[in-house]
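Here's a quick walk through a protein model with a ligand bound to it. Have the 3D view open and follow along.

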Amino acid sequence: MSLQRSFTAHVFIGVSLDGFIARPDGDLDWLTERGAAADGDLGYQEFADGVDTIVMGRVTYEKLLGFGPDAWHYDGKHVTVLSTRLPADADPRITVHRSLEDLVEALDARGSKSVYADGGQVVQSFLRAGLIDDLTLTTVPVLIGQGFRLFGDLDADIPLTLRSVADMGGGIVQSVYSVAR
Ligand SMILES: NC(=O)c1ccc[n+]([C@@H]2O[C@H](COP(=O)([O-])OP(=O)(O)OC[C@H]3O[C@@H](n4cnc5c(N)ncnc54)[C@H](OP(=O)(O)O)[C@@H]3O)[C@@H](O)[C@H]2O)c1
């Protein structure tokens, strides 16, 4: 895929030390009920304020819907969902795209500037396509053994540059990496 695009793309995600973003049933208690992570937003709001577009995978979108209307904090942002099966008219708040190529073309056409890529498979798709600029990983000191993986197979290594590391309390470490080009 061409690296020419109108936008930069960013990851902000909570991950267990063994690399999972949710348990197999989608449960996030290991992340949300743990010390500082439960009390503060760990920089999420500042990050979210800096993006104009959200791209999430269908599974993350459906999980979010399950939290009820109060969990939708994306008003004023362009929200897209990648899915091969979600009906195009499923939700007036979102635009559905069937492939990464279609999505990138559409974001370029509308002039998106800063994209938040969310969901394990979405992050993996973006990484494989060379579309991620940086990743903010909030690593929780727990091994959960199984679940949805943050990272997956790659065709080639993706070198990263560590930009910062912060001790967030409660054993939680927030690391910011740039993707080296
Ligand atoms: N820890 C955190 O901070 C955090 C953050 C976000 C999400 N989560 C959790 O992670 C879990 C979901 O993760 P997930 O790995 O299933 O990923 P996901 O990316 O949210 O959803 C995967 C689905 O998105 C669609 N998709 C993704 N990439 C695509 C592509 N390139 N082209 C077309 N469709 C694409 C597919 O939908 P179809 O099957 O419809 O084709 C795929 O099955 C949820 O439990 C969520 O709550 C945790």
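What follows goes from the ligand to a helix, then to the cores and a few loop residues. Keep in mind that this is a predicted model.

**Around the ligand**

Start with the ligand, which has 24 residues around it. Those that come nearest are Gly14, Arg58, Thr60, Ser83 and Thr84. Three pairings between a ligand oxygen atom and a polar protein atom are worth pulling up on screen:

| Residue | Part of the residue | Distance to a ligand oxygen atom |
|---|---|---|
| Val59 | polar backbone atom | 3.3 Å |
| Thr84 | N or O atom in the side chain | 2.4 Å |
| Arg85 | N or O atom in the side chain | 3.1 Å |

On its own, the ligand has 910 Å² of accessible area, and the protein covers 88% of that.

**Helix α4**

Arg58 turns up again in helix α4, which runs over residues 58–66. Which residues of α4 are buried? They are Arg58, Tyr61 and Leu64. Looking down the axis of α4, you'd see these buried residues fall within an arc of 125 degrees, so they line one face of the helix. What do the buried residues of α4 pack against? Their partners are the strands β3 (53–57), β4 (78–82) and β5 (94–97). Just past the end of α4, Gly68 has a positive phi of about 90 degrees.

**The cores and helix α6**

As a rule, nonpolar side chains in soluble globular proteins tend to be buried together. Here, the largest nonpolar core holds 25 residues. Val55, Leu100, Leu103, Val115, Phe126, Ile132 and Leu150 are the ones with the most contacts inside it. Two or more residues come from each of β1 (8–16), α5 (100–110), β6 (114–118), α6 (120–128) and β7 (134–140). Another core, of 18 residues, lies apart from that one, and includes Phe12, Val79, Val81 and Ile94.

Phe126 is also one of the buried residues of α6, along with Gly120, Val122, Val123, Gln124 and Leu127. Just after α6 comes Gly130, with a positive phi of about 70 degrees.

**Three loop residues**

Now for the loops. Ser112 sits in the one between α5 and β6. Is Ser112 buried or exposed? Its relative accessible area is just 2%, so Ser112 counts as buried. The Ser112 side chain makes a polar contact with the side chain of Thr53, at 3.0 Å. Setting aside neighbours within four places in sequence, Ser112 is in contact with Ser6, Phe7, Asp52, Thr53 and Leu107.

Pro141 belongs to the loop between β7 and β8 (148–149). With a relative accessible area of 36%, Pro141 is partly exposed. Leaving out neighbours within four places in sequence, Pro141 touches Arg34, Gly170, Gly171 and Ile172. Val15 is 126 residues away from Pro141 along the chain, yet their C-alpha atoms are separated by 9.1 Å.

Last up is Asp41, in the loop between α2 (35–39) and α3 (44–49). Asp41 has 40% relative accessibility and counts as partly exposed. Where does the Asp41 side chain reach? One partner is the backbone nitrogen of Gly43, at 2.9 Å. The backbone nitrogen of Gln45 also lies 2.8 Å from a polar atom of the Asp41 side chain. As for Ala22, 19 residues from Asp41 along the chain, the two C-alpha atoms are separated by 18 Å.

Methods:
Residues numbered from 1 in each chain as written. Predicted model: local features only at pLDDT ≥ 70, side-chain atom pairs only at ≥ 80, totals over all residues. Heavy atoms only, no water. Buried < 20%, exposed > 50% of the residue type's maximum accessible area, 1.4 Å probe, protein only. Helix = DSSP H or I, 4+ residues; strand = E, 2+ residues; numbered from the N terminus. Arc of directions from axis to C-beta. Contact = heavy atoms within 4.5 Å. Core = buried A, V, L, I, M, F, W, Y, C linked by side-chain atoms within 4.5 Å. Polar contact = N/O pair within 3.5 Å; in protein donor to acceptor, adjacent residues only side chain to side chain. Near = heavy atom within 4 Å. Areas by Shrake-Rupley, 256 points an atom, 1.4 Å probe, with all protein chains shown as cover.
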